[in-house]
Amino acid sequence: MLKKGLFITFEGCDGCGKTTQLELLAKYLQDKGYDVIVTREPGAKGLGEKLREILLNYDGEVSSNCESFLFLADRAQHIDTIIKPAIENGKIVLCDRHIDSTAAYQGYGRGLDLARINYLNELATSGVKPDLTLLFDVDTETSMQRVGKNKDRMESAGIEFQEKVRKGYLELAKNEPQRIKIFDSRKTIEQLHQEVLAIVAAIL
Ligand code: TYD
């Protein structure tokens, strides 16, 4: 249906509701007859699943530098084997987390140099960039309540870390207002879905 595919990413702190919105948008677009691929980082099919297991469940020491390279390795594999071919085949790719997660979590959260992360992101993606990024903003307290007690390695990094990640995301959106659109996660699922549709309709 589309000559050239479309690449839309979903971002936000843990528990921000982005996955629900991704699923609603996927269903809406599929019902309209679009060819949609739903995928995620870390951990798309194949090797990505193994990397996800390490990134989220390894309980030994992981340096921040190593952590960022593992996310980037996952991203390179994901772009090369799934995202790029899908876009080239005219599909709409909906991806749960992508480059901005590394900037927000490893850059703003862990304190790694942002310019370096941007450069590494560019290497990992071979320059493929999202056409649109939907950022779901939620306050840290709500975010942590939604995550609950069963936290993975990243979710266990603490409130202060999550605060930095949230601020980082807002900063990223301020720097790239054309690509990154902010949604207020306090709204209802239906309200958010309607807002997402309005933004996506503009680029279809
Ligand atoms: P996931 O279970 O997919 O969380 P969510 O449902 O909130 O998306 O876990 C992904 C975790 O990995 C999440 O805490 C964010 C983190 N992450 C990074 O720190 N850097 C990255 O580059 C990516 C892609 C994810």
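Okay, quick definition before anything else: when I say helix or strand, I mean a DSSP run, numbered from the N terminus, with at least four residues for a helix and at least two for a strand. With that in hand, P42 is easy to place: look in the loop between β2 (36–40) and α2 (47–57). And keep in mind that this is a predicted model.

So what joins E41 and P42? A cis peptide bond, with omega at about -10°.

Let's stay with loops for a moment. R97 sits in the loop between β3 (92–96) and α4. Its phi is near 75°, which is a positive value in a residue other than glycine. Is R97 buried or exposed? Its relative accessibility is 12%, and buried means under 20%, so R97 counts as buried.

S126 has a positive phi too, near 50°, and again we're not talking about a glycine. You'll find S126 in the loop between α5 (114–125) and β4 (132–137). Here the relative accessibility is 48%, so S126 counts as partly exposed.

Okay, on to the core. The largest nonpolar core has 38 residues. Which of them touch the most other members? Those are I8, F10, L25, L94, Y105, L134 and Y169. As for where the core comes from, helix α7, residues 159–175, gives the largest share, with 5 residues. There's also another core lying apart from this one, made of 8 residues, including F7, I79, I87 and V128.

Let me zoom in on F10. Leaving aside its neighbours within four places in sequence, F10 is in contact with K18, Q21, L22, L25, L94, C95, D96, R97, L134 and F136. Yes, that list includes R97, our buried loop residue with the positive phi.

Last stop: two helices. How do you describe a packed pair? You give the angle between their axes and the distance between the axes. For α4 (residues 99–109) and α7, the angle is about 130° and the axes are 8 Å apart. The two are therefore oblique to each other, and α4 passes α7 in a right-handed crossing.

Who's touching whom? On the α4 side, we've got D100, S101, A103, A104, Y105, Y108 and G109. On the α7 side, the contact is made by F161, Q162, K164, V165, G168, Y169, E171 and L172. By class, that comes to 8 nonpolar, 4 polar and 3 charged residues. And if Y105 and Y169 sound familiar, both were on the list of core residues touching the most other members.

Methods: Residues numbered from 1 in each chain as written. Predicted model: local features only at pLDDT ≥ 70, side-chain atom pairs only at ≥ 80, totals over all residues. Heavy atoms only, no water. Core = buried A, V, L, I, M, F, W, Y, C linked by side-chain atoms within 4.5 Å. Buried < 20%, exposed > 50% of the residue type's maximum accessible area, 1.4 Å probe, protein only. Contact = heavy atoms within 4.5 Å. Axes fitted to C-alpha atoms, helices over the stretch in contact; angles between N-to-C directions. Parallel < 35°, antiparallel > 145°, perpendicular 65-115°, else oblique. Left-handed = near helix turned anticlockwise from the far one by under 90°. Nonpolar A, V, L, I, M, F, W, Y, C, P; charged D, E, K, R; others polar.
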